[in-house]
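The exercises below ask you to read a structure step by step, with the sequence and the model side by side. Try each task before you go on to its solution.

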Amino acid sequence: MPELAVHLRDILAARRRIAAHVARTPTVMAKALEDRVGAPVALKLDALQHTGSFKLRGATNRMLNLGPEERARGVVACSTGNHGRAVAEAARRLGIPATITLSELVPQNKIEGIQALGAEVAITGRSQDEAFEEAYRLESEQGMTLIDTFDHREVIAGQGTAGLELLEDVPEVDTLLVPLSGGGLMAGMAVAAKAANPAIRVIGISMERGPAMIESLRAGQPVQVPEQKSLADSLGGGIGLNNRWSFEIVRALGDDFVLLSENEIAAGMGHLYWHEQLVAEGAAAVGVAALLSGKVAPRGGGLVATIVSGCNVDMELFTRVVTGDAY
Ligand SMILES: *Cc1c(COP(=O)(O)O)cnc(C)c1O
């Protein structure tokens with residue numbers, strides 16, 4: 001294996017560090033799915049993580065590594081979604097001041113959701129890019145620490161703890177399906193999985209609508225991809241043209257990559273709801289969706305595992321999706 005920037009020992013250290021602050025989520029066997037695909041399927045339920053996604057793992061590990069002065073100056077992040085919630089919650093738990101920068105276009109309910117977790121909200125500009133500029137400004141002028149969504153070694157190590165736990169619960173994993181956006185989750189889980197058993201096949205799953213990592217892998221370097229609306233909204237956004245860590249690890253450890261249509265993602269959400277009694281957001285259903293679509297087949301009868309990575313979905317949209325209405 002090539003020398004990579006994140007090692008099993010980093011993930012083991014992250015696990016010890018964050019243990020008191022994050023949930024040790026369960027793994028369940030998906031019986032209905034096993035009947036459909038002819039192999040056992042394990043679901044790691046990080047939809048049950050505090051704040052409703054695995055992102056609390058990486059954000060908490062990153063913040064616990066800050067020194068006392070950095071903590072006093074506070075942290076900043078730019079995200080309306082699961083990362084923003086995770087940074088706000090981790091900061092609250094650790095007693096670190098947090099500012100989340102948002103654009104004027106962010107709906108009021110999302111702003112209130114972040115404020116309810118105790119973070120300061122700074123509203124600037126008319127686009128995500130302008131909100132990011134404000135985060136960079138707070139970093140350089142106020143000495144705040146910008147908490148990266150995926151492209152940081154401590155964030156990747158933190159996300160990897162989900163992989164460690166999964167492998168503890170089902171050591172016989174043969175294929176691991178990971179929702180893929182910026183690649184922090186896939187990088188961390190792949191390091192954990194390949195350390196446990198290098199023969200485990202690790203497959204990244206994105207949506208057809210704007211798969212920045214997969215386009216970058218094809219191009220051989222990080223590229224920009226126009227953002228499009230998708231049911232898997234948590235998989236949107238770029239990987240950063242100056243990506244330092246996640247791209248290389250995903251490239252080195254990913255065995256295959258799969259793209260899904262919106263209908264396939266909807267089928268995954270519907271299956272999880274009607275047959276496994278789980279509410280999953282689109283991004284979290286892509287592993288199941290990949291199996292249902294036939295785009296990923298189990299190897300022999302080998303166990304397939306995936307992470308149901310989050311549950312933060314607008315419930316009106318969710319209801320339309322799982323009842324088969326137009327969405
Ligand atoms: C962020 C996120 C992902 C993708 O994680 P990356 O580290 O950006 O690849 C997948 N699922 C959910 C629910 C997320 O919030």
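**Exercise 1.** Which residues does Gly254 touch, not counting residues up to four places away in sequence?

*Solution.* Keep in mind throughout that the model is a predicted one. Begin by placing the residue: Gly254 lies in the loop between α11 (246–253) and β9. Next, list its contacts, which, once residues up to four places away in sequence are set aside, are Met186, Val202 and Ile249. Then consider how the chain returns to this place: Ile205 is 49 residues from Gly254 along the chain, and yet the C-alpha atoms of the two are separated by 10 Å. Finally, classify the residue by its accessibility; Gly254 has a relative accessibility of 16%, and because buried means under 20%, Gly254 counts as buried.

**Exercise 2.** Decide whether Glu208 is buried, partly exposed or exposed, and describe its surroundings.

*Solution.* Glu208 sits in the loop between β8 and α10 (212–219). Its relative accessibility is 44%, and since this value falls between the cut-offs of 20% and 50%, Glu208 counts as partly exposed. If neighbours within four places in sequence are left aside, Glu208 is in contact with Leu259, Leu260, Ser261 and Lys295. A further distance can be added to this picture: the C-alpha atoms of Glu208 and Val258 are 8.9 Å apart, although their positions lie 50 residues apart along the chain.

For another case, turn to Pro68, which belongs to helix α4 (residues 68–73). Its relative accessible area is 70%, and because exposed means over 50%, Pro68 is exposed. Ile96 is 28 residues from Pro68 along the chain, with 9.8 Å between the two C-alpha atoms.

**Exercise 3.** Check the length of helix α5 (residues 82–94) against the expected span, and say what covers the helix.

*Solution.* The helix has 13 residues, so that at 1.5 Å a residue it should span 18 Å; the C-alpha atoms at its ends are 18 Å apart, which agrees. For the second part, count the covered positions: ten of the 13 residues of α5 are buried, and the helix is thus mostly covered. Among these buried residues are Asn82, His83, Val87 and Leu94. The cover over them includes the helices α3 (55–64) and α6 (108–116), together with the strands β3 (75–77) and β4 (98–102). Just after the helix comes Gly95, which takes a positive phi of about 70°.

**Exercise 4.** Repeat the length check for helix α12 (residues 262–276), and then examine the residue that follows it.

*Solution.* With 15 residues at 1.5 Å each, α12 should span 21 Å; its end C-alpha atoms are 20 Å apart, which agrees with the expectation. The buried residues of α12 include Ile265, Ala266, Met269 and Leu272. Among the elements that cover the buried residues of α12 are α2 (31–37), β2 (41–45), β8 (201–207) and α14 (315–322).

The helix is followed by Gln277, whose phi is positive, near 55°. To judge this value, recall that most residues other than glycine have a negative phi. Gln277 lies in the loop between α12 and α13, and its relative accessibility of 60% is over 50%, so it counts as exposed.

Thr51 also has a positive phi, near 70°, and is likewise a residue other than glycine. Thr51 is placed in the loop between β2 and α3; its relative accessible area is 13%, which is under 20%, and Thr51 is therefore buried.

**Exercise 5.** How much of the ligand does the protein bury, and which residues come nearest to the ligand?

*Solution.* Start with the shell of residues: there are 17 around the ligand, of which Lys55, Asn82, Ser181, Gly183 and Ser309 come nearest. By type, this shell divides into seven nonpolar, eight polar and two charged residues. Now look at single atoms. An N or O atom in the side chain of Asn82 is 2.7 Å from an oxygen atom of the ligand, while polar backbone atoms of Gly182 and of Leu185 each lie 2.9 Å from a ligand oxygen atom. Finally, consider the area: the ligand taken alone exposes 380 Å², and the protein buries 98% of that.

Notes:
Residues numbered from 1 in each chain as written. Predicted model: local features only at pLDDT ≥ 70, side-chain atom pairs only at ≥ 80, totals over all residues. Heavy atoms only, no water. Near = heavy atom within 4 Å. Polar contact = N/O pair within 3.5 Å; in protein donor to acceptor, adjacent residues only side chain to side chain. Areas by Shrake-Rupley, 256 points an atom, 1.4 Å probe, with all protein chains shown as cover. Nonpolar A, V, L, I, M, F, W, Y, C, P; charged D, E, K, R; others polar. Helix = DSSP H or I, 4+ residues; strand = E, 2+ residues; numbered from the N terminus. Buried < 20%, exposed > 50% of the residue type's maximum accessible area, 1.4 Å probe, protein only. Expected span 1.5 Å × (residues − 1). Contact = heavy atoms within 4.5 Å.
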